[in-house]
Amino acid sequence: MSEVTSPQIRARKRRNGSDPLVMVTAYDEPGARYVDAAGVDLLLVGDSLANVVLGHEDTLHVTVEEIAHHVRAVANAKPHAHVVADLPWLSYHVSEADTVTNAGILIRAGAQSVKLEGGVVRLPMVKALLNAEIPVMGHLGLTPQSVLAFGGFKVQAKTKAAAKLLVDDALALQDAGVFAIVIEGVPPEVGRLVTDALDIPTIGIGAGPFTDGQVLVFHDLLGLNKNKPAKFVRQYADLGGLITEAVSKYAQDVRNASFPSAEETYANPAELTD
Ligand code: KIV
């Protein structure tokens, strides 16, 4: 099990002198192993699995079983980082009992906590999870599971009234007992307001520089995505380009019969060639 616990994450507030939290998404064993070796604090098995791994247009097309399958792979990397699993759409919207059962599947698959989207409206589910001793991370702002209700992926909390509602949601989640909150797709001033209002850490994505930490999607960070990166993404490598270049060289070597060479071929037993 990971060595980084939810109480340790909860204590990581920048204004109290903590370093910013670093979270990256992970979906399989090698990805988790390489990201963990970089010394991140949290690995998120996000429902972005739907977009970046399974090729869907949004996050609405991924199930608890699919997320659990990838949590198991990430847990097999035995990461030092804390592993959070996303509760997918409809896994925590129907009943408290369903919510706890679904979260239990993700915990038994190897997650140390679960993340869910929404504020006051989700409080009964958050409390049910906490009563079952399951640590919960919140997620507010441009919550991708609300894409149909929002009418697209649009920056949220652009008015004073909407910013106040977001801060109220964050305070309600904090009072209920969540250990951290992801703030996505809001103006930087809203990232600052909500971070200042809370005693638990905020982890931003497209929420400006004032949050207590940052999260990026593995495929965005490494240049593996088919879509143009969003404004908030900093791409640190072009692994997509490297993959195509490497596989093109392999294809060329197969076609011109320079692969495999003698060094890449097992020796024949004498009996076969006598
Ligand atoms: O699923 C995901 O990748 C996420 C991040 C965008 C925070 O929830």
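What percentage of the 274 residues of the protein count as buried? Colour the chain by relative accessible area and you will have the answer in view: 46%. Keep in mind as you go that this is a predicted model.

**Start with the whole protein.** Show the cartoon and step through the secondary structure, which consists of 12 helices and eight strands. Now switch to the C-alpha trace and turn it along its principal axes, where the span is about 85 × 40 × 35 Å. If you display contacts with a separation of 6 or more, 60% of them join residues 24 or more positions apart.

**Next, turn on the surface.** The accessible area is about 14,100 Å², and carbon and sulfur atoms contribute 57% of it. Then select the charged side chains: 23 are positive and 32 are negative. Place a marker at the centre of each set, and the two markers will sit 10 Å apart.

**Now go to the ligand.** Select the residues around the ligand: Thr25, Leu44, Gly46, Asp47, Ser48, Asp86, Lys115, His139, Val182, Glu184, Ile205 and Val217. Show them as sticks and visit three of the side chains in turn.

- Ser48: a polar atom of this side chain is 2.5 Å from a ligand oxygen.
- Lys115: an N or O atom of this side chain lies 2.9 Å from an oxygen atom of the ligand.
- Asp86: here a polar side-chain atom is 3.1 Å from an oxygen of the ligand.

For a last stop, put the surface back on around the ligand. Taken alone, the ligand exposes 260 Å², and the protein buries 95% of that area.

Key
Residues are numbered from 1 along each chain as its sequence is written. This is a predicted model: local features need pLDDT of at least 70, side-chain atom pairs count only at pLDDT 80 or more; totals for chains, interfaces and linings use all residues. Side-chain values use heavy atoms; hydrogens and water are left out. Helices (H or I, at least four residues) and strands (E, at least two) are DSSP runs, numbered from the N terminus. Buried means under 20% relative accessible area, exposed over 50%, partly exposed in between (1.4 Å probe, protein chains only). Contact means heavy atoms within 4.5 Å. Accessible areas come from the Shrake-Rupley method with a 1.4 Å probe; for residues, only the protein chains shown count as cover. Lys and Arg count as positive and Asp and Glu as negative; His and the chain ends are not counted. The place of a charge is taken as NZ of Lys, CZ of Arg, CG of Asp or CD of Glu. A residue is near a molecule or strand if one of its heavy atoms lies within 4 Å of it. A polar contact is a pair of N or O atoms within 3.5 Å; within protein, one must be able to donate a hydrogen and the other to accept it, and residues adjacent in sequence count only if both atoms are side-chain atoms.
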